[in-house]
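Here's a walk through a two-chain model, one piece at a time. Keep the 3D view open and follow along.

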Amino acid sequence: MLTQILINGILKGGLYALMAMGMSLIWGVMNIINIAHGSFIMLGAYTTYWFFTLYGMDPFVSVLLSMALIFFLGFFIQKYIINFVIGASLFITLLLAFGIEILINNLALLFWTADVRSVQVTYGGANIEILGAVIPTVRLFAFLLAIAVSVILFIIMNKTWLGRAIRSTAQDLEAARLNGVNVGKIYSITFGIGTAVAAAAGTLWAVIFPISPTMGGHLTLKSFVVTIIGGLGTMMGPLVGGLSLGIVESLGTNWFGSTFENLISFTILVLVLIFKPNGILGKKE
Amino acid sequence: MFYRKLFLMLASFLLVFAFSFTAYAENVIKLGSAISFTGAKSRTGKLYVDSYKFAVNKVNEMGGVNVNGKNYKFELVFYDDKSEPTESARLVEKLITVDKVDFLLGPYSSGITIPNSIVARRYRIPMIEGGGASSKIFDKGNKYIFGTLPRAGDYFRSTLEFLTKQNPTPKKIAILYADDKFDVSVGEGAKAAAEEMGFDVVVYEKYSEGASDFTSAITKAKDAGAEATLVAGHTEEAINFVQQSKELDYSPNLLGLTVGPSEADFRKALGKDANYIYGVASWSTEMNFEGYLFEDTQTFVKKFTDKFGYDPDYHNAAGIAAIAVYKDAIERAGSLDPQKIRDAIAETSGLKTIYGPVDFMDNGQIIGSSVVLQILDGKVRQVYPASGYDAVYPMPEWDNR
């Protein structure tokens, strides 16, 4: 039974990691706590749902389209809305993101209604049995995709000009500007990448769980916790944070009961803040 | 510019007159409700709105409500509570003080009904609700609240009874419930009933409302060898639970859910995996009761489906019953005085409705029971007490559905 609980936790952790990756990126680079993050996950889930329902596209194929679509949405939201207040205090951007969240959620409610929907892929309930433990196939796929996206993001951030520009902007705004980085554009691209990764998480969410327009709030919270636990400013942070949270939650709910899931997440959050204020992998300021 | 202003002024005058004209043209009884048109509860909230409208239309077609020889028409006043309890309570207050409604109809969900019922008591206006069954609504000594859903604690009683009649009788039962007011009542009631009937409750666990991950709980139930699993939660959680049971290859002899099976969303989202899942309801379309608004249950079901394009479920029927009780109580009281109406509602006795005969307990909740449903071939059927459809027990393995 313990193996099963651990497997459940690791698979869930992979999804948490992917969910938090976008939030961590945006937060790290622009110091924006994107409260609307969960709404972008929701949009990713819905685009997947529609590609699947209307065109019969497999979620693991349409994920690229969803990411592209949501990338542009994020890009333009940053370019035409958030960039205007980017220099202001954290509180202003927080408020703005909150507004964007309300707007997106209510538009979704208006157009798609509050109906609960789900993506019914043929391999939905399939599983593999290894040593008495059951591994759900979709969750395994989702986990692998989460790892793949993390690796790709890692390569982009470390090996490309774009990645270096983003990192330099995060480290020293003035210096980046002096070296010919178009900061406004980098911000828009970063926000776009962040939301695109959120969309990928949404796709996986839609494959595993039922979706509804109001699903985002809860996910923003989880992403937030994972980001803090993992630590800002490193690409491995969300992965470590997500996996730790997934495993601890799984073990915790098994020992103490399901009603304490949130209690467990937030206890870890508090413990991390006390003992490692910059997160498990966070760098000292 | 001047003409436009003049025109606007005249138009607004006309509008005011038009309104006051309709208001005084005939006698109306205003029924108000702050209910969820948007937000998380809006899907089920809509069922009540449809039902209230449908029943009110029918009453008005029949000539309205006869109060001491004078005919009154019912008029509905709705506000959208956005699925928020505090907002809902505020709007109920507005209904009473600003819109001057005569009587109140309930919102959807126990969590919202509780604050609303407190406002109703404060202003001493009766409220009949069909959307909240938690004992927390009825154990506060509130004399102004009446509910048409049976006791939450009894929801799974019929399912457990059904289980005792199976051969071999299962021994081990898992009970899982959400931590909101209604489901806590359901879970506690189910545990008490199960133990009373001699079952061994091997997993008894509460989860946070809105939880999406049940893998730990399912793993536990599977490990403990629970032969029947009862889950009291909401549509989304119900879908999650079924999906994850399949993912983890957990196939109990009986999987019983409260909210979910009778809803179209649930069946659509799960496809053939929804087959054989058990549900409970205070009412089903297979029943047949004589009603005084609509001839009988079957006629009602047909008319309702023709008009709204979906099959009514127990929420709908409970909403219809609320309006039926008002008409009957007001006519018996021969008055519009809230206090007299309250007393008349309390005295309702064996009122014939398509929902079944209505009588209230002293605390205001209906005397009723629940039936066991099962999804057979994508349709929700009543399987216990027998109604002509045979239950499939034990449920087949996932691969054979």
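In this predicted model, strands S1 (residues 27–35) and S3 (residues 70–80) of chain B run parallel and are joined by 9 bridges. If you want a spot to click on, take Leu31(B): its bridge partner in S3(B) is Leu76(B). Two helices of chain B go with these strands. Helix H2 (residues 42–61) lies across S1, S2, S3 and strand S4 (103–105) of chain B, and it runs at about 165° to S3(B). Helix H4 (residues 110–123) of chain B packs on the sheet too, where it touches S1, S4, S5 and S6 of chain B. The direction of H4(B) makes about 160° with that of S5(B).

Now zoom out to the whole sheet. It's an open one with 6 strands, and reading across chain B you get the order S2-S3-S1-S4-S5-S6, with mixed pairing. At the edges sit strand S2 (65–67) and strand S6 (145–147) of chain B, each pairing on one side only. From one strand to the next, the twist averages 30°.

Next, look at the loop between strand S5 (127–129) and helix H5 (135–138) of chain B, since that's where you'll find Gly131(B). Is Gly131(B) buried or exposed? It has 29 C-beta neighbours inside 10 Å, and the cut-off for buried is 20 or more, so Gly131(B) counts as buried. Leaving out residues up to four places away in sequence, Gly131(B) touches Tyr48(B), Gly106(B), Pro107(B), Tyr108(B), Ser109(B), Thr113(B) and His315(B). For another landmark, try Val280(B): Gly131(B) and Val280(B) are 149 residues apart in sequence, yet their C-alpha atoms are 15 Å apart in space.

Staying in chain B, move on to strand S9 (residues 228–232). All 5 of the 5 residues in S9(B) are buried, so this strand is largely enclosed by the rest of the structure. In a regular strand, side chains alternate between the two faces of the sheet. Here both faces are covered: Ala228(B), Leu230(B) and Ala232(B) are buried on one side, and Thr229(B) and Val231(B) are buried on the other.

Which strands pair with S9(B)? One is strand S7 (residues 172–178) of chain B, paired with S9(B) in the parallel sense over 5 bridges. Another is strand S10 (residues 254–257) of chain B, again in the parallel sense, over 4 bridges. Thr229(B) is a handy marker for both pairings: it stands opposite Ala174(B), and it also stands opposite Leu255(B) in S10(B). To get from S9(B) to S10(B), the chain crosses through helix H9 (residues 235–247) of chain B, and this β-α-β crossover is right-handed.

Over to chain A, for a pair of helices. The axes of helix H9 (residues 216–230) and helix H11 (residues 261–275) of chain A come within 9 Å and cross at roughly 30°. That makes H9(A) roughly parallel to H11(A). Their crossing is left-handed. H9(A) brings Val225(A), Ile228(A) and Ile229(A) to the contact, while H11(A) brings Ser265(A), Ile268(A), Leu269(A), Val272(A) and Leu273(A).

Last stop: where the chains meet. The contact takes 30 residues from chain A and 34 residues from chain B. On the chain A side, the elements giving two or more residues are helix H1 (2–30), strand S2 (133–136), helix H10 (237–256) and H11 of chain A. H1(A) supplies the largest share of that side, 4 residues.

Methods
Residues are numbered from 1 along each chain as its sequence is written. Chains are lettered from A and ligands numbered from 1 in the order in which they are written. This is a predicted model: local features need pLDDT of at least 70, side-chain atom pairs count only at pLDDT 80 or more; totals for chains, interfaces and linings use all residues. A residue is buried if 20 or more other C-beta atoms lie within 10 Å of its own, exposed if 12 or fewer, and partly exposed in between; C-beta atoms are placed from the backbone. Two strands pair if DSSP finds at least two bridges between them. A crossover is right-handed if, with the strands pointing away from the viewer, the path from the first strand over the helix to the second runs clockwise. Axes are lines fitted to C-alpha atoms, for helices over the stretch in contact, and angles run from 0 to 180 degrees between N-to-C directions. Angles under 35 degrees count as roughly parallel, over 145 as roughly antiparallel, 65 to 115 as roughly perpendicular and the rest as oblique. A crossing is left-handed if the near helix is turned anticlockwise from the far one by less than a right angle, and right-handed if clockwise. Two residues are in contact if their C-beta atoms, placed from the backbone, lie within 7 Å.
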